[in-house]
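User: I would like to understand how descriptive terms are assigned to a protein structure. Please explain the reasoning behind each one.

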Amino acid sequence: MNTSDYYVYQALERCARFGNAHPPDANGGGCAATDFAALTPLISSIGHVDFQTGIPASGATVAKEQLFAELWEDLKMIANTARTIARSEPGFFTPFRLGDDAQRTILATAVDFLNHLQDPSVKAKFLTYDLPVNFVSDLQSDLAAITDESATQTDDAMSATGETARVRASIREGRELLKRLDTAVRNRFRHQPEILAEWRTASHIRRRNEPALPVTPPPITPPPVNPK
């Protein structure tokens, strides 16, 4: 990932935070809800890269792959159990179908499974087939651990040509996401200039030679004057 790509990555992170602060209407039928939801898996798939020189490669990449492997096994266990339950309850398996084993798909599948497992009656059906009592909380912990590893992942994941090509493709996808979101957000907040200004800052992709935004220093408070 070069510097320009990294600036896109930073914009994606800022826009994800904007989406959390100003969530779109998930029931409105618009593309913004889908696009904002796609940001977090995309950011995790790209992985954070530290551009400082002299930093040794960390074990974050290996740890992240191991976590994904464990999460994938957990998802297969849940899907297989749901398929068995569906033998007596037709249709039960539908929300627990697996996608492919790509990391982004695994993340999205885990989130979908957790949403359906929030229903105590649904969870109880799985427990009947001897799944661990804490299998839902384990799934949540796996997702949290993957997020943590993504935040600490360094540029050792970018050394291979194939990995670089994959990241570049994700960066291009991120640019397209930001273009679609820009239209939707500007339309939604057209009468709210303060929020629009916040969006423009979040979605701005810094150019290679563009200086960083200046940091305004805090006002200086003069020392108290001792009375004579």
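User: Which residues does Ser170 touch, not counting residues up to four places away in sequence?

Analyst: This is a predicted model. In it, Ser170 touches Leu42, Ser45 and Ile46, with residues up to four places away in sequence not counted. A contact requires heavy atoms within 4.5 Å. Ser170 itself lies in helix α7.

User: Why does Ser170 count as buried?

Analyst: The term buried applies under 20% relative accessible area. Ser170 has a relative accessibility of 6%, so Ser170 counts as buried.

User: What is the overall make-up of the chain, in helices and strands?

Analyst: The chain has eight helices and zero strands. Along the sequence, the pattern reads α-α-α-α-α-α-α-α. Of the 228 residues of the chain, 34% count as buried. Among the contacts in the chain with a separation of 6 or more, 73% are accounted for by residues 24 or more positions apart.

User: What makes the pair Arg168 and Asp5 a salt bridge?

Analyst: A salt bridge requires a side-chain nitrogen of Lys or Arg within 4 Å of a carboxyl oxygen of Asp or Glu. For Arg168 and Asp5 the N to O value is 2.4 Å, so the pair meets the rule. Arg168 lies in helix α7 and Asp5 in helix α1, so the salt bridge ties together parts that are 163 residues apart in sequence.

User: Are Arg168 and Asp5 buried or exposed, and why?

Analyst: Partly exposed is the class between under 20%, which is buried, and over 50%, which is exposed. Arg168, at 33% relative accessibility, therefore counts as partly exposed. Asp5 has a relative accessible area of 7%, so Asp5 is buried.

User: How many salt bridges are there by this rule?

Analyst: The count comes to seven salt bridges. One of the pairs that form a salt bridge is Glu173 with Arg104, whose closest N and O atoms are 2.9 Å apart. This pair links distant parts of the chain, with Glu173 in helix α7 and Arg104 in helix α4 (residues 103–117), 69 residues apart. Glu173 has a relative accessible area of 31% and is therefore partly exposed. Arg104, at 28% relative accessibility, counts as partly exposed.

User: How far apart in sequence are Lys179 and Glu176, which both lie in helix α7?

Analyst: Lys179 and Glu176 are three residues apart, about one turn of the helix. Their side chains meet in a salt bridge, with an N to O value of 3.6 Å. Lys179 has a relative accessible area of 55%, and exposed means over 50%, so Lys179 is exposed. Glu176, at 40% relative accessibility, counts as partly exposed.

User: Which side chain of opposite charge is nearest to Asp142?

Analyst: The nearest side chain of opposite charge is Lys76, 13 Å away. A salt bridge requires the two atoms to be within 4 Å, so Asp142 has no salt bridge although Asp142 is buried. Asp142 lies in helix α6 (residues 135–152). Apart from residues up to four places away in sequence, Asp142 touches Leu71 and Asp74.

User: Why is Tyr129 called partly exposed?

Analyst: Tyr129 has a relative accessibility of 41%, which falls between the 20% and 50% limits, so Tyr129 counts as partly exposed. Tyr129 is placed in the loop between α5 (120–127) and α6. With residues up to four places away in sequence set aside, Tyr129 touches Thr81, Thr84 and Ile85.

User: What makes Trp199 a buried residue?

Analyst: Trp199 has a relative accessible area of 0%, which is under 20%, so Trp199 is buried. The place of Trp199 is in helix α8 (residues 193–203). Leaving aside neighbours within four places in sequence, Trp199 is in contact with Cys15, Phe18, Phe36, Leu178, Leu181, Asp182 and Val185.

User: How do the axes of helix α1 and helix α2 lie relative to each other?

Analyst: The axes of α1 (residues 3–21) and α2 (residues 31–46) come within 9 Å and cross at roughly 145°. The crossing of α1 past α2 is left-handed. By class, the contact has ten nonpolar, one polar and one charged residues.

Conventions
Residues numbered from 1 in each chain as written. Predicted model: local features only at pLDDT ≥ 70, side-chain atom pairs only at ≥ 80, totals over all residues. Heavy atoms only, no water. Axes fitted to C-alpha atoms, helices over the stretch in contact; angles between N-to-C directions. Helix = DSSP H or I, 4+ residues; strand = E, 2+ residues; numbered from the N terminus. Left-handed = near helix turned anticlockwise from the far one by under 90°. Nonpolar A, V, L, I, M, F, W, Y, C, P; charged D, E, K, R; others polar. Buried < 20%, exposed > 50% of the residue type's maximum accessible area, 1.4 Å probe, protein only. Lys, Arg positive; Asp, Glu negative; His and termini not counted.
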